[in-house]
Amino acid sequence: MKRVIPVLVLSVAGLIPVWRYEPSTGTTSTTEAASTPSVSSSTSSSGSAGSTTFTGTTVATEKGDVQVQVTFEGDKITAVRMLKQPNHPQTTAAVPKLIAETLAAQSAEIDTVSGATLTSDGYKESLQAAIDAEAAAASASPSASAATSASRTVAGSTVATEKGDVQVQVTFEGDKITAVEMLKQPNHPQTTAAVPKLIAETLAAQSADIDTVSGATLTSDGYKESLQAAIDAKGA
C-alpha cells in the first residue's frame, strides 16, 4: 500500500489542469482594428498576481480565422481561450479537445483533431506564437517585467448589432486606460473609419462617456456598451 498511494496522488494531480479549464467556444467572423500579425501580452484579468495573458497571432484558414489567447501562471499554461474560430460544427467539437491537450502537454506539440485539420493547424500556430511571446517576456529585463506587471487587460461583452458583433478589449495601467483593441467589429467601411475615432475618444475621456461617430451609430453604441462592461469588470 505504501507504493500505491503516491501513484494515485500523481494521477489525480495530473488531471487538475484539465478540470480547471472552462472552454470558450465563441466564434468571430470580424476583423481587428489593429494589425492582426502582432502578438500582445498583459496580466490576466482573473486578478491572480502571478498570471499573465498572451494573445497569439490571427491565423487565416480556408474555414475562417483562428486566434488563441493563453493564460500562464509562471511558465505553466493554466487556461486557453479562443478569440477567433471558424463557425463550423467540427471546429466547435474540436476546440475543447485542442485546449485539453494543450493543458496536458503544456506546449503546442499536440495532435491534430480528426475532421478539423485546418482549425487544428491554425490553433497550434497561434498557440505557439503566444508561447513564444511569454518566453520572450520572461527573458526580458527586470525593469521591463516590472512595467508590464502593472498592466491588466479586460475584454468587454460581445454586443450584437444589426451590422455585426462588437467586442472591445481594454488595457489598464492602474486605473488608467492605456490601450483599446477591437476583438470583434462589423466588416463595413464606416465601422473601419469609426473605430480609430472611438478609441481616441476613449483614451482622452478615460471612460465610455464618448460621442457617437456620425454614420456608425450602431457600431458606436455597441462599442460603448462593450467598453463599459470591460471598465465595470476591471473594477469588480
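**Strand pairing, cores and loops in a predicted model**

Strands β6 and β8 run antiparallel and are joined by five bridges. Within this pairing, Ala155 faces Gln169 of β8. The model is a predicted one. Strand β8 also pairs with β7, again in antiparallel fashion, through two bridges, and here Val159 has Val166 of β8 as its bridge partner. The hairpin made by β7 and β8 has four residues between the strands, and Gly164 in this hairpin adopts a positive phi near 145°. On β9, β8 has a further antiparallel partner, with seven bridges between the two strands; Val168 stands opposite Met182 of β9. The β8–β9 hairpin has two residues between its strands, and Gly174 in the turn has a positive phi of about 70°. Seven of the nine residues of β8 are buried, so the strand is largely enclosed by the rest of the structure.

The chain as a whole contains six helices and nine strands. Of its 236 residues, 42% are buried. The exposed area of the chain is about 12000 Å², of which carbon and sulfur atoms supply 54%. Among contacts with a separation of 6 or more, 49% are between residues 24 or more positions apart.

Helix α6 was examined for its length and its cover. For its 19 residues, a rise of 1.5 Å a residue gives an expected span of 27 Å, and the end C-alpha atoms are 27 Å apart, which agrees. The buried residues of α6 are Thr219, Ser220, Gly222, Tyr223, Lys224, Ser226, Leu227, Ala230 and Lys234. The elements that cover these residues include β6 (151-155), β7 (159-160), β8 (165-173), β9 (176-184) and α5.

A second set of strand contacts involves β2 and β4. These strands run antiparallel and are joined by five bridges, and Phe54 has Val70 of β4 as its bridge partner. Strand β2 is mostly covered, with four of its five residues buried. One aromatic pair was counted in the model. The ring centres of Phe54 and Phe72 lie 5.7 Å apart with the planes at 80°, and the pair is therefore edge-to-face, as the angle is over 60 degrees. Phe54 belongs to β2 (residues 51-55) and Phe72 to β4 (residues 65-73), so the pair ties together parts 18 residues apart in sequence. Both rings belong to buried residues: Phe54 has a relative accessibility of 4%, and Phe72 one of 2%.

The largest nonpolar core has 22 residues, of which Val68, Val70, Ile77, Tyr123 and Leu127 touch the most other members. At least two residues of this core come from each of β4, β5 (76-84), α2 and α3. Another core lies apart from it and has 19 residues, including Val154, Ile177, Val195 and Leu227. When neighbours within four places in sequence are left aside, Ile77 is in contact with Val70, Thr71, Phe72, Thr102, Leu103, Gln106, Ser107 and Ile131.

Gln106, one of the contacts of Ile77, is located in the loop between α2 (89-105) and α3 (117-138). The phi of Gln106 is near 60°, a positive value in a residue other than glycine. Most residues other than glycine have a negative phi. With a relative accessible area of 29%, Gln106 is partly exposed. Gln206 likewise is not a glycine and has a positive phi, of about 60°. This residue is in the loop between α5 (189-205) and α6 (217-235), and its relative accessibility of 31% places Gln206 in the partly exposed class.

Gly64 is part of the loop between β3 (59-60) and β4. Residues up to four places away in sequence not being counted, Gly64 touches Val59 and Pro86. Between Gly64 and Lys84, 20 residues apart in sequence, the C-alpha to C-alpha distance is 8.4 Å.

Definitions and conventions. Residues numbered from 1 in each chain as written. Predicted model: local features only at pLDDT ≥ 70, side-chain atom pairs only at ≥ 80, totals over all residues. Heavy atoms only, no water. Phe/Tyr/Trp six-rings, centres within 6.5 Å; stacked < 30°, edge-to-face > 60°. Buried < 20%, exposed > 50% of the residue type's maximum accessible area, 1.4 Å probe, protein only. Contact = heavy atoms within 4.5 Å. Areas by Shrake-Rupley, 256 points an atom, 1.4 Å probe, with all protein chains shown as cover. Pairing = 2+ DSSP bridges. Expected span 1.5 Å × (residues − 1). Core = buried A, V, L, I, M, F, W, Y, C linked by side-chain atoms within 4.5 Å.
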